[in-house]
Structure formats: C-alpha cells, structure tokens
Amino acid sequence: MPDLAVATDSIADRFTRWCEIVVARLPLGLDRVVPPTLLGFALINSFTFGVDLVLLTLFHGWWNWPVPVSITVAYICAFGLAFVLNRTFNFHSHAPVGRQAAVYVVVVVINYLAFILGLGSGLTALGVEYHLARLLAGACEAIYMYSAMRWIVFRKTTPAA
C-alpha cells in the first residue's frame with residue numbers, strides 16, 4: 001500500500017523540498033545564509049523573465065510596437081505569471097489573494113517605474129540595445145522584487161492571540 005503522505009504531496013511541495021535539498025548542499029556555509037525561497041524565486045523568476053523577453057521580442061522585434069509599450073505589455077504578462085507561481089510554489093501562501101494581489105500591484109508599479117521604464121527605457125534611449133537594457137534592469141529588479149515578495153507581499157503573519 002503506498003504511503004499516503006507521499007501520495008498527497010503536491011507539485012508545489014516537491015518543488016519546495018527540492019529547493020531545500022539543493023540549498024542544504026551549498027558549500028562554505030551558504031546553506032545557513034541562502035533561504036530555499038531565494039532559490040525558488042530565482043528559478044521561477046528566471047522562467048518568467050524568459051517569458052518577458054520572448055514577449056518583448058514578439059511585440060517590439062516582430063510587431064514593431066514602441067519599446068515602452070512592448071516592455072509594459074510583456075512585463076504585465078510576466079509579472080502576473082510570477083505572482084501565481086511564487087504564491088503557489090515558492091511561498092505556499094494561503095492568505096487572502098485579494099490583499100496580496102493589491103500589495104503586489106503596488107510593489108510591481110514601483111518596480112516598473114524605477115527599473116523597467118526608468119532604467120530599461122533610459123538605457124535604450126542612451127543607445128543600449130533593448131535586450132541588454134532589459135537584462136541590466138532585470139538584475140536590479142530581481143533584488144528589489146525578492147525582498148518585497150518575501151518580507152511584504154507573502155510575509156508570514158502570526159494569528160492574533
């Protein structure tokens with residue numbers, strides 16, 4: 001008879017366990033510094049960043065939409081996907097989605113203005129190729145977004161006594 005605990009594991013549980021195993025094997029004491037959610041965030045957001053770049057290429061490179069419009073539409077699609085994947089697979093949040101989504105929108109708007117349009121479009125306007133500009137802006141945005149998602153959007157709250 002199969003073990004019910006194993007049989008009822010979700011894909012999200014297996015993803016988290018895999019991140020924990022990988023982080024536990026990091027050398028030089030990094031396993032005590034790097035939380036498994038950072039690895040999960042890196043994997044999920046690398047995937048959604050790839051989605052963002054594919055959409056950016058489609059919108060600007062193939063359809064010749066203006067860079068700011070292309071960046072905006074690709075960004076909205078990618079960040080919607082990132083919210084769902086991080087909420088489900090990485091942070092395992094069961095908090096009300098409405099409040100989290102509202103906070104996430106504020107975090108994303110700040111990120112969008114500062115890094116995506118500000119830095120991304122600014123670098124493009126200065127002559128940096130638009131893919132490279134997006135990569136540079138993406139590096140800055142990754143630090144900001146992980147911090148905001150871990151400590152603001154999906155923060156662990158303790159129930160009131």
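A helix here is a DSSP run of H or I at least four residues long, and a strand is a run of E of at least two. With that in mind, colour the protein chain by secondary structure: six helices and zero strands appear. The model is predicted.

**Stop 1: the whole chain**

Follow the protein chain along its sequence. The pattern reads α-α-α-α-α-α. Now turn the C-alpha trace. Along its principal axes, the trace spans about 60 × 40 × 35 Å.

Switch on the surface. The protein chain exposes about 9,400 Å², and carbon and sulfur atoms supply 74% of that area. How much of the chain is buried? Of its 161 residues, 35% count as buried.

Next, select the charged side chains. There are 10 positive and 8 negative ones. The centres of the two sets lie 7 Å apart.

**Stop 2: a pair of rings**

Show the aromatic side chains. The structure holds 13 aromatic pairs. Zoom in on Phe-83 and Tyr-104. Their ring centres are 4.8 Å apart. Why does this pair count as tilted? The planes meet at 45 degrees, and tilted covers angles that are neither under 30 degrees nor over 60.

Where do the two rings come from? Phe-83 sits in helix α4 (residues 67-90), and Tyr-104 in helix α5 (residues 97-125). They are 21 residues apart, so the pair links distant parts of the chain.

Are these residues buried or exposed? Phe-83 has a relative accessible area of 8%, so it is buried, since the cut-off is under 20%. Tyr-104 is buried too, at 6%.

Now widen the selection. Ring pairs join Phe-83 and Tyr-104 into a cluster with Tyr-75, Phe-79, Phe-91, Tyr-112 and Phe-154.

**Stop 3: the largest core**

Keep Tyr-104 selected and add Met-145, Met-149 and Val-153. These four have the most contacts inside the largest nonpolar core, which has 26 residues. Which elements give two or more residues to this core? They are α3 (36-62), α4, α5 and α6 (130-153). Helix α4 gives the most, with seven residues.

Centre the view on Met-145. Leave aside its neighbours within four places in sequence. Met-145 is then in contact with Phe-41, Phe-79, Tyr-104, Val-107, Val-108 and Asn-111.

**Stop 4: a second core**

Finally, select Phe-15, Cys-19, Leu-39 and Leu-85. They are among the six residues of a second, separate core.

Zoom out to finish. Count the contacts in the protein chain with a separation of 6 or more: residues 24 or more positions apart account for 66% of them.

Technical notes. Residues numbered from 1 in each chain as written. Predicted model: local features only at pLDDT ≥ 70, side-chain atom pairs only at ≥ 80, totals over all residues. Heavy atoms only, no water. Buried < 20%, exposed > 50% of the residue type's maximum accessible area, 1.4 Å probe, protein only. Contact = heavy atoms within 4.5 Å. Areas by Shrake-Rupley, 256 points an atom, 1.4 Å probe, with all protein chains shown as cover. Lys, Arg positive; Asp, Glu negative; His and termini not counted. Charge placed at Lys NZ, Arg CZ, Asp CG, Glu CD. Phe/Tyr/Trp six-rings, centres within 6.5 Å; stacked < 30°, edge-to-face > 60°. Core = buried A, V, L, I, M, F, W, Y, C linked by side-chain atoms within 4.5 Å.
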